[in-house]
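Reader: Hey, could you walk me through the strands in this one? I'd like to know what pairs with what.

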Amino acid sequence: MDNFFIHESCYVDKNVQIGQNTKIWHFSHILSNTEIGNNCSFGQNCVVGPNVKVGNGVKVQNNVSIYEGVEVEDDVFLGPSMVFTNVINPRAFIVRREEFKKTLLKKGCSIGANATIVCGVTIGRYALIGAGAVVNKDVPDFALMVGVPARQIGWVSKAGNRLEFDENKIAVDSFDKSRYKLENGVVRTPSGYKEAYKKFIEDGWVSLSCDSEYGGQGMPKTISTFFDEMLSSASLSFKLYSELSIGAYNCILHHGNDSIKKKFLPNMVKGTWSGTMCLTEPACGTDLGLLKTKAVEQSDGTFKLSGQK
């Protein structure tokens, strides 16, 4: 049984993938070869596709068309009646399908009502585009854009609050007290973790109990457990950076074939690559028995994953 909602007035073409807990409301049309992630919401009178990819947690308001050439990453907000173009110089009597330009909306950005995004641009992470703006060039991460054509008037936080930087170019978001630093026209989180992680992998702490065949030190798990306890006590948030790497390492070590092991494990042991989690838990993660995930092998030897967590 499909775990998503599509109103009976909608049309969904063949070869469409729709994620868990996604809702598509009245009079919408999802065209072929479109992929929609989990926990998305599409309002009335939306058109998506063909050949469009929409990430997880995306909210699309009424009267929005997402054309071929547009890619939408996770947690993006598209306000009512905002517009994407897909060619620069459209003519009714000239077919320009081969001239579609790629438009990328990065994680967490928001597009206001009636705004227009001219094709071929990238909207940065957590940027906020004001209502009615016309965007015709790339937008930096966290930028606040308004006007026709759109111009930058400031910066916003992940929560969408305007950032006010002090004389040290530091801003604190009132929503969650997170800190931001303005550096050479780019908003960054303060330094510290990046340097700490570099030292962490250089000193070999990732590899304590990893198999020596892949560059590990081969120590007993009890040794790495003692270190993990100390690291968690010192800074649990930093410890979590490497937490998922160990899980991914063990999964590949015990279940991967030789080619996968040779490709991934040495880089994970060195800390060059790290593990992550593609997380969707509609039951809040309290009952893992409810989760279902499927891996289908492709012709090139890779696997296409679907499901939860």
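**Strands and sheets**

Author: Sure. Keep in mind that this is a predicted model.

Reader: Okay! In what order do the six strands of the open sheet come?

Author: The order is β3-β6-β9-β12-β15-β18, and their pairing is parallel.

Reader: Which strands stand at the edges there?

Author: β3 (17-18) and β18 (122-123) do; each has a single partner strand, so one side of each is left without a neighbour in the sheet.

Reader: And how many bridges join β15 to β18?

Author: Two bridges, with β15 covering residues 103-105. In that pair, L105 stands opposite I123 of β18.

Reader: Switching topic: what's the order in the open sheet of three strands?

Author: That one goes β23-β24-β25, with antiparallel pairing. β23 (170-172) and β25 (186-188) are its edge strands, each pairing on one side only. From one strand to the next, the twist averages 30°.

Reader: What joins β23 to β24?

Author: Three bridges, and the two strands run antiparallel, β24 being residues 179-183. Across that pair, A171 stands opposite Y180 in β24.

Reader: Cool. Now β26 and β27: do they pair in the parallel or antiparallel sense?

Author: Antiparallel, over five bridges, with β26 at residues 293-297 and β27 at residues 303-307. A295 of this pair stands opposite L305 in β27.

Reader: How many residues lie between the strands in that hairpin?

Author: Five, and G301 takes a positive phi near 90° in the hairpin.

Methods: Residues are numbered from 1 along each chain as its sequence is written. This is a predicted model: local features need pLDDT of at least 70, side-chain atom pairs count only at pLDDT 80 or more; totals for chains, interfaces and linings use all residues. Side-chain values use heavy atoms; hydrogens and water are left out. Two strands pair if DSSP finds at least two bridges between them. Helices (H or I, at least four residues) and strands (E, at least two) are DSSP runs, numbered from the N terminus. Axes are lines fitted to C-alpha atoms, for helices over the stretch in contact, and angles run from 0 to 180 degrees between N-to-C directions.
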